[in-house]
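Here are my notes to read alongside the model. Take the points one at a time, and keep the picture open as you go.

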Amino acid sequence: MLSKRKILALFFVLMMVVVPLSAQEKGGAGQRKGPARQGAKSNDAWGGAPQKRFHFAPHGGPNMQNMQAVFKKHPEFQRLIEEDLFLERETRALVKRIKGASGDEKEKLLAGLESLVKKHFEVRQAKRKYELKLMEERISKIREELEERDQKADRIVERRVRDLVEEDEDLKF
C-alpha cells in the first residue's frame with residue numbers, strides 16, 4: 001500500500017496521463033439521468049466518450065482510491081515511482097554525509113553518489129518512457145473517438161439540438 005505522500009508526489013503526472021486513460025476504459029464517471037439520457041450510449045450530450053472527472057478528498061488531495069486503482073492497473077509504473085522516490089531520498093542522505101565527510105571517506109562517498117545518481121537517472125528515464133507509452137495509448141484512443149464522432153456528426157448534432165429544445169416532462173411544475 002502506498003503512503004499518501006508517495007501518491008501525492010506524482011498526482012499531477014497521473015492526473016494528466018493515467019487517470020483519464022483508466023477512466024475511459026472503465027466507462028467514465030457518473031452518468032446523467034433523465035429522459036434524454038435513457039438508452040443513450042454516452043454520458044456526453046455531444047455524443048462523445050464519457051469523461052473522467054477528478055474528485056478530490058475533503059482535505060484537498062486526490063481521491064486515494066483513484067490513485068490506488070491506477071497503480072493496481074499499472075504495477076510497473078507504481079514500481080518505478082516508488083524506486084524514484086526511494087533513490088531521491090537516498091541521494092539526499094548521501095549528499096548530507098558527503099558534506100560532513102573529509103579526505104578518503106569523502107572520495108568514496110562521491111564515487112557512491114555518482115553510481116547512485118546514474119541509477120536514479122536510469123529509473124527516471126524508464127518512468128518517462130512508461131509515461132510516454134501511456135500518453136501514446138491515450139492519443140490513439142482519442143484519435144479513434146474522433147474518427148467515430150466524424151462518422152456520426154449528423155446524429156450528434158441532431159441529438160444535441162433535441163436535448164436543448166425539449167423539456168423534461170417529468171420535471172414540469
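**Notes on a helical chain**

1. Let us begin with one residue: Glu 88 is found in helix H5. Please keep in mind that this is a predicted model. With a relative accessible area of 24%, Glu 88 is partly exposed, because that category covers values between the buried limit of 20% and the exposed limit of 50%. Leaving aside residues up to four places away in sequence, Glu 88 touches His 120 and Arg 124. Glu 88 and His 120 are 32 residues apart along the chain, yet 7.5 Å separates their C-alpha atoms.

2. Now look at how Glu 88 meets Arg 124. The two form a salt bridge, and their closest N and O atoms are 3.1 Å apart. Glu 88 belongs to helix H5 and Arg 124 to helix H6, so this pair ties together parts that are 36 residues apart in sequence. Arg 124 itself counts as partly exposed, at 39% relative accessibility.

3. Which other side chain meets Arg 124 in a salt bridge? It is Asp 84, with an N to O distance of 3.0 Å. Here too distant parts of the chain are linked: Asp 84 sits in helix H5 and Arg 124 in helix H6, 40 residues apart. Asp 84 counts as buried, because its relative accessibility is 7% and buried means under 20%.

4. These pairs belong to a wider arrangement. Asp 84, Glu 88, Arg 92, Arg 124 and Lys 127 are linked in a network of salt bridges. The structure holds eight salt bridges. One of them joins Glu 83 and Lys 119, whose closest N and O atoms are 3.4 Å apart. Glu 83 is in helix H5 and Lys 119 is in helix H6, with their positions 36 residues apart in the chain. Lys 119 is partly exposed, and its relative accessible area is 37%.

5. It is worth checking the two helices themselves. How far apart are the end C-alpha atoms of H5? They are 38 Å apart, which agrees with the span that its 26 residues should have at 1.5 Å a residue. Helix H6 covers residues 103-151, which is 49 residues. From first C-alpha to last, H6 reaches 72 Å, close to the 72 Å expected at 1.5 Å a residue.

6. Next, see which residues are tucked away. In H5 the buried residues include Phe 77, Leu 80, Ile 81, Leu 85, Leu 87, Leu 94 and Ile 98. Glu 83 and Asp 84, which appeared above in salt bridges, are also among the buried residues of H5. In H6 the buried residues include Leu 109, Leu 113, Leu 116, Val 123, Tyr 130 and Leu 134. His 120, Lys 127, Glu 131, Arg 138 and Glu 145 are on the buried list of H6 as well, and Lys 127 is also a member of the salt-bridge network.

7. The largest nonpolar core has 15 residues. Ile 81, Leu 94, Ile 98, Leu 109 and Tyr 130 are those with the most contacts inside this core. Helices H5 and H6 are the elements that give two or more residues to this core. H5 gives the most, with seven residues. Tyr 130 touches His 74, Glu 76, Phe 77 and Leu 80, again not counting residues up to four places away in sequence.

8. For contrast, turn to the surface. Leu 164 is found in helix H7, which runs over residues 153-165. Is Leu 164 buried or exposed? Leu 164 counts as exposed, because its relative accessibility is 56% and the limit for exposed is over 50%. Together with Val 157, Val 161 and Val 165, Leu 164 forms a nonpolar patch on the surface, and the four have about 380 Å² of accessible area together.

9. Finally, step back to the whole chain. Its secondary structure comes to seven helices and zero strands. The chain has 173 residues, of which 34% count as buried. Among contacts with a separation of 6 or more, 70% are between residues 24 or more positions apart. The chain exposes about 12400 Å², and carbon and sulfur atoms supply 53% of that area.

Technical notes:
Residues numbered from 1 in each chain as written. Predicted model: local features only at pLDDT ≥ 70, side-chain atom pairs only at ≥ 80, totals over all residues. Heavy atoms only, no water. Helix = DSSP H or I, 4+ residues; strand = E, 2+ residues; numbered from the N terminus. Expected span 1.5 Å × (residues − 1). Buried < 20%, exposed > 50% of the residue type's maximum accessible area, 1.4 Å probe, protein only. Patch = residues over 30% accessible without salt bridge, like charges linked within 9 Å, V, L, I, M, F, W, Y side chains within 5 Å. Areas by Shrake-Rupley, 256 points an atom, 1.4 Å probe, with all protein chains shown as cover. Salt bridge = Lys/Arg side-chain N within 4 Å of Asp/Glu carboxyl O. Core = buried A, V, L, I, M, F, W, Y, C linked by side-chain atoms within 4.5 Å. Contact = heavy atoms within 4.5 Å.
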